[in-house]
Amino acid sequence: MNHDVPLSAPPRRAGGIVLLGLAVLGLAGALFVLRRPLMMSAPACMAGRWHGCFDTFNGVVLMTLVMLPPAVLVAWLLARARRAAGVAAAWPMSLAEVGMVHGTVPFVWMILMPGAGAGAVPGRVSLVPLRDLITMGPLGIVGNLLVFASLGFFAPMRFAALASVPRVLALGAGCSVLVETAQYVLRLDRVSSVDDVLVNAAGAALAALASRRWWRTDRSPAPVATAGPPRRAVPAGRDRSTPA
């Protein structure tokens, strides 16, 4: 019996089960708290009406939750196709791709929703750092942290070039700058704030730290394998057949 076999697989599996259970409990708790606002948009969404569903925050959140099972199904189909093609790590790769899209698009959609004065009110810009954090409030700060959290969580798992917290921070900041610029150019009656960029980028970086155990790699150089013990140098003038 080999007693040197590492026993790290069961703890990792148990840790994954615990994280999945906590995620399910968190989702159930969020649904319980938000059940009344979400049900306000349910009739319009179930009827397929744009007004009252896709132009409201409650409707977008409700449809995001409704589309969660189909998103998991898409990830499973992608993983199955990749396994058939012999691709390694098919399931994490597919889950990361679907997670980035499903977790980011709804938040970007809500950010780009036009306000009451869209098209009539000129674009507004706030370039003073940390000035708008006071007016955001706790709910606004949490919402901004979640905008690119899925992108920061899954992007390093999918793309090796992004397997770094500073790179994810830069990615979140760049995407946030694009969204804030779109708000200003399209005159959506929203304030394009530098604080939104800072909080959005921080949310992406924190999410990358949360998923670091799945995407970090050992950067130490691999040992060079040798075919046998090193040969002793034979001094000049000595016969190689003569024992030392």
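## V179 and the main nonpolar core

V179 touches V108, I111, L112 and F148, leaving aside residues up to four places away in sequence. The model is predicted. V179 also belongs to the largest nonpolar core, which has 15 residues. Within this core, M100, F148, L151 and V179 have the most contacts.

Which helices each supply at least two residues of this core? They are α5, α7 (149-158), α8 and α9 (194-210). The largest share comes from α5, with 4 residues. Another core lies apart from this one. That core has 7 residues, including A42, C45, C53 and L62.

## Helix α7 under cover

Is α7 mostly covered or mostly open? Helix α7 is mostly covered, with 7 of its 10 residues buried. The buried residues are A149, S150, L151, G152, F154, A155 and P156. L151 is also one of the residues with the most contacts inside the largest nonpolar core.

What covers these buried residues includes α5, α6, α8, α9 and α10 (212-215). Two of these helices, α5 and α8, each give at least two residues to the largest core.

## Salt bridges around E97

The structure holds 3 salt bridges. In one of them, the side chains of R82 and E97 meet at 2.7 Å, N to O. R82 sits in helix α4 (residues 68-84) and E97 in helix α5. The two are 15 residues apart, and the pair links distant parts of the chain. Is R82 buried or exposed? R82 has a relative accessibility of 18%, so it counts as buried, the cut-off being under 20%.

E97 forms a salt bridge with R158 as well. Here the closest N and O atoms are 2.6 Å apart. This pair also links distant parts of the chain: E97 is in helix α5, R158 is in helix α7, and 61 residues separate them. R158 is partly exposed, at 24% relative accessible area. Salt bridges with shared partners join R82, E97 and R158 into one network.

## The R124–D189 bridge

Another salt bridge brings together the side chains of R124 and D189, at 2.8 Å from N to O. R124 lies in strand β1 (residues 124-126), and D189 lies in the loop between α8 and β2 (191-193), so the pair ties together parts 65 residues apart in sequence.

How exposed are the two partners? R124 is partly exposed, with a relative accessible area of 34%. D189 is partly exposed, with a relative accessible area of 22%.

## The second largest pocket

The second largest pocket has a volume of about 690 Å³. Its lining has 17 residues. Those closest to the pocket centre are F57, L139, G140, G143 and N144.

Which elements give two or more residues to this lining? They are α3 (57-66), α5 (90-111), α6 (133-146) and α8 (165-185). The largest share, 6 residues, comes from α6. By class, the lining has 10 nonpolar, 4 polar and 3 charged residues. Helices α5 and α8 thus appear here as lining elements, and each also supplies at least two residues of the largest nonpolar core.

Note on methods: Residues are numbered from 1 along each chain as its sequence is written. This is a predicted model: local features need pLDDT of at least 70, side-chain atom pairs count only at pLDDT 80 or more; totals for chains, interfaces and linings use all residues. Side-chain values use heavy atoms; hydrogens and water are left out. On a 1 Å grid over the protein atoms alone, a cavity is a set of points where a 1.4 Å probe fits but cannot get out, and a pocket is an open set with protein on both sides within 12 Å along at least five of seven lines; lining residues have an atom within 4 Å of a point. Grid points are joined across faces, edges and corners, and a volume is the space filled by probe spheres set on the points. Ala, Val, Leu, Ile, Met, Phe, Trp, Tyr, Cys and Pro count as nonpolar, Asp, Glu, Lys and Arg as charged, and the others, Gly among them, as polar. A nonpolar core is a set of buried Ala, Val, Leu, Ile, Met, Phe, Trp, Tyr and Cys residues joined through side-chain atoms within 4.5 Å. Buried means under 20% relative accessible area, exposed over 50%, partly exposed in between (1.4 Å probe, protein chains only). Contact means heavy atoms within 4.5 Å. A salt bridge is a side-chain nitrogen of Lys or Arg within 4 Å of a carboxyl oxygen of Asp or Glu.
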